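Okay, thanks for making room for me on the agenda. I'll put the model up and walk you through a few spots in it.

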Amino acid sequence: MVDPDFPLWLRTAHLLNFVLIGILLRSGWEIIASLPRLWWRNDCKPGTEWIKFTRRALPEEEGVYTSLMDERSASPLLTLPGHKNIGLGRHWHGLGVTLWLINGIAYVVLLFATGLWRRIVPTSWDVMPDAWESMKIYAGLGVPSIEHFQPYDALQMLTYTGVVFLLAPLLIFTGIAMSPAVRSRFPWYVKMWGGHQGARSLHFIGMVLMTLFIIMHVGLVFLVHTEYNLPHMVFGVTDTARFAQAFTITLITIAAVIAFWIALSYLTLLDRARSQRILVALTEPVRKLTLNWMKPRWGQQNTFTEDDISEFHWTNGLPPTDDESPEWLRFKADNFVDWRLELGGELNGETRYLNLEDLRALPKTEYIAVHSCMQGWTATAKWGGVRLRDVLDLLGPRPANGNYVMVTSHGLAQEMYDHRPREPFYAVLDLDMVAEDDTILAYERNDHPLDIHLGAPLRLRVESNHGYKMVKWIKSIEWIEDYSEYGDGRGGTREDAALQAFNGRI
Ligand SMILES: Nc1nc2c(c(=O)[nH]1)N[C@H]1C(S)=C(S)[C@@H](COP(=O)(O)O)O[C@H]1N2
Ligand SMILES: [Mo]
C-alpha cells in the first residue's frame with residue numbers, strides 16, 4: 001500500500017539532498033585545507049586559533065610566512081577535487097550550494113503545500129517530554145516502540161526541525177557572510193556574525209553538526225525499525241514484506257553515491273583547466289544574479305572603526321628578492337625616492353611616469369576596511385592612497401578599446417600552476433571595479449608609509465573582492481583590450497594559478 005506520507009517528490013528530494021550535501025561537504029573540506037586553522041579573532045593572530053588541522057606552528061613575526069605556504073594537499077578520496085585546488089573547490093561549492101538551495105526550497109515549499117510539515121514541525125509542547133523519554137530509551141541502548149513513530153517520534157521531529165529550519169539556515173547565512181561582495185555592500189551583516197572569522201568558525205561548527213547528524217541519521221535508519229524506514233524511503237510504502245528489496249536498493253544507492261562523489265574529484269583533476277571552464281560557465285549566471293550587482297557603497301566602511309584595526313596582519317606573497325627584481329631592491333635601498341610608477345601602455349601609445357610625490361599630490365582617500373584572502377584569513381587596517389580612477393584620468397579619456405585595467409607587480413607569482421618559471425604577479429580589473437570609490441592605490445597603512453611586506457611603496461586595494469586582486473609592489477598600470485592575451489588568459493595570477501573565476505567575488 002502506497003503511503004501518502006512518503007510521496008515521490010519527497011523521496012526524490014531526499015536522495016538529491018544526500019548527493020548534494022556530499023558535494024558541499026567535500027568541496028568545503030577542500031576550501032578549509034587551503035588554510036587549516038580557525039579563529040574567532042578577526043586578525044587571525046598566530047597562536048590564537050581555536051582549532052587547527054596542521055602541525056605547523058605559525059611564526060609570530062609579520063610578513064615572513066604566507067598563507068600559500070600553509071596550504072595542505074588533501075586526498076581526492078576525501079575532498080573535491082583534492083590536491084590543493086581551492087579555486088576548483090570553490091566552484092564546486094558554488095555549484096553545489098545553488099543546486100542544494102533549489103532542491104531545499106522545493107522541498108520546504110512542497111512540505112507546506114501538502115501539509116506534511118506537521119509531522120516534522122512540532123505543534124505542541126508535549127514534544128519536549130516525549131523526546132526526553134525517547135532519549136532515555138536510546139541512552140539505555142533501547143529502541144522506542146513502533147507506536148511512537150507516526151511516522152516520526154518526538155525526538156526525530158525535533159532533530160529534523162532543527163536541521164531543516166535552524167542548522168541549514170545557519171550554514172546558508174554564515175556562508176553568505178564570507179563573500180567579499182556582501183561585505184563591501186553590507187559590512188554590518190558580516191559584523192553581526194562576529195566578523196568574517198566568526199562567520200567562518202560558525203560555518204565550520206555547522207558543518208560538523210551536519211556531518212554528525214548525517215552519521216546518526218543513517219545509522220538510526222538501519223538500527224531503529226528499519227523494516228519500516230527503508231520501504232518508506234525507497235518505495236513510499238508501509239509494507240514490511242518489501243524490506244529486503246528496499247535494503248538492497250539502499251545499500252547499492254549509498255555505494256553508488258559515494259563512488260560518484262569520488263569520481264567527481266578525479267574527473268575534475270583529469271583536465272583542471274577544462275574543469276575550470278565548465279564550472280565557471282555553470283556558476284557564472286548565479287554569481288551575476290546574486291553578487292555582481294553588490295557594489296561597495298561609499299561610507300559603508302564606517303562600520304569598521306579604529307577599534308577593529310588588526311594587531312597582526314597576515315600576508316600572501318613575499319617581497320621581491322634580488323633575482324626577482326633587482327630594480328625594486330634598488331628603489332627600496334634608497335627609500336623609494338627614485339621609484340616610478342609606469343602608467344599607460346600600448347593602448348595609450350605612451351607611458352607616463354609618476355613618483356610618490358605626484359601620487360601624494362592627488363586627492364587622498366582613506367578608509368578602514370577588512371581584507372580577506374580567499375583562503376580564509378582576514379586583517380583590518382586603515383588604508384590611505386589615491387583612487388585608481390583619478391590616476392587613470394591623468395592619461396586622458398579611456399582609450400576606445402580600453403576594456404580592462406591591468407596592474408603588474410615587481411614581484412613574481414609565488415608559484416605557477418603548471419610549474420613553468422614564475423611570472424610577474426598581475427591582476428586585471430573590469431570597468432566596474434576601476435570605477436569604485438574604494439578602489440585605491442594605497443601608499444599608507446594605519447597612517448604610516450606602506451610596510452615592505454604589504455607592498456611598499458604602492459599597492460592596490462579593492463574593496464569588493466578578495467585579496468588576490470590587490471597587487472603589491474606595483475610596477476605598472478595600463479589599459480588593455482582583453483585579458484585573454486596575458487598570462488594564462490584568466491585575468492590574474494591567482495585566477496591563473498588557483499583556477500579561480502575572473503572576479504570570483506565569493
Ligand atoms: N605582488 C603580489 N601581490 C599580491 C600577492 C602576491 O603573491 N604578489 N598575493 C595576493 C594575495 S593572494 C593576497 S590575499 C593579498 C594579501 O595582502 P597582504 O599580504 O598585504 O595582506 O595580496 C595579494 N597581492
Ligand atoms: Mo589570497
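So, let me start with a question: which residues in α3 meet which residues in α11? Before I answer, keep in mind that this is a predicted model. On the α3 side you've got L88, H91, W92, G94, L95 and T98. They meet R272, S275, Q276, L279, V280, L282, T283, V286 and R287 in α11. If you sort that contact by class, α3 with α11 gives seven nonpolar, six polar and two charged residues.

Now the geometry. Two packed helices are described by the angle between their axes and the distance between the axes. Helix α3 runs over residues 86-114 and helix α11 over 272-290, and their axes come within 9 Å and cross at roughly 40 degrees. That angle is under 65 and not under 35, so α3 and α11 count as oblique to each other. The crossing of these two, α3 and α11, is left-handed.

Okay, next pair: α9, residues 226-235, and α10, residues 243-270. Their axes come within 8 Å, with a crossing at roughly 65 degrees. That makes α9 roughly perpendicular to α10. The way α9 passes α10 is again a left-handed crossing. Who's touching whom? From α9 it's T226, E227, L230, P231, M233, V234 and F235, and from α10 it's F243, Q245, A246, F247, I249 and T250. By class, the contact of α9 with α10 comes out as nine nonpolar, three polar and one charged residues.

Let's move over to ligand 1. There are 19 residues around it, and H313, W314, R459, M470 and K472 come nearest. For the polar contacts, an oxygen atom of ligand 1 sits 2.5 Å from an N or O atom in the side chain of K472. With H371, a ligand 1 oxygen is 3.2 Å from a side-chain N or O atom. For N316 the partner is a polar backbone atom, 3.1 Å from an oxygen atom of ligand 1.

Last bit, the backbone oddities. Most residues other than glycine have a negative phi, and most peptide bonds are trans. Here, though, the peptide bond from L80 to P81 is cis, with omega near -5 degrees. You'll find P81 in the loop between α2 and α3. A456 and P457 are also joined by a cis peptide bond, omega about 0 degrees, and P457 is in the loop between β10 and β11. And then H419, which isn't glycine, has a positive phi, near 65 degrees. H419 lies in the loop between β7 and β8.

That's my tour, happy to go back to any of it.

Key. Residues numbered from 1 in each chain as written. Chains lettered and ligands numbered in written order. Predicted model: local features only at pLDDT ≥ 70, side-chain atom pairs only at ≥ 80, totals over all residues. Heavy atoms only, no water. Axes fitted to C-alpha atoms, helices over the stretch in contact; angles between N-to-C directions. Helix = DSSP H or I, 4+ residues; strand = E, 2+ residues; numbered from the N terminus. Parallel < 35°, antiparallel > 145°, perpendicular 65-115°, else oblique. Left-handed = near helix turned anticlockwise from the far one by under 90°. Contact = heavy atoms within 4.5 Å. Nonpolar A, V, L, I, M, F, W, Y, C, P; charged D, E, K, R; others polar. Near = heavy atom within 4 Å. Polar contact = N/O pair within 3.5 Å; in protein donor to acceptor, adjacent residues only side chain to side chain.
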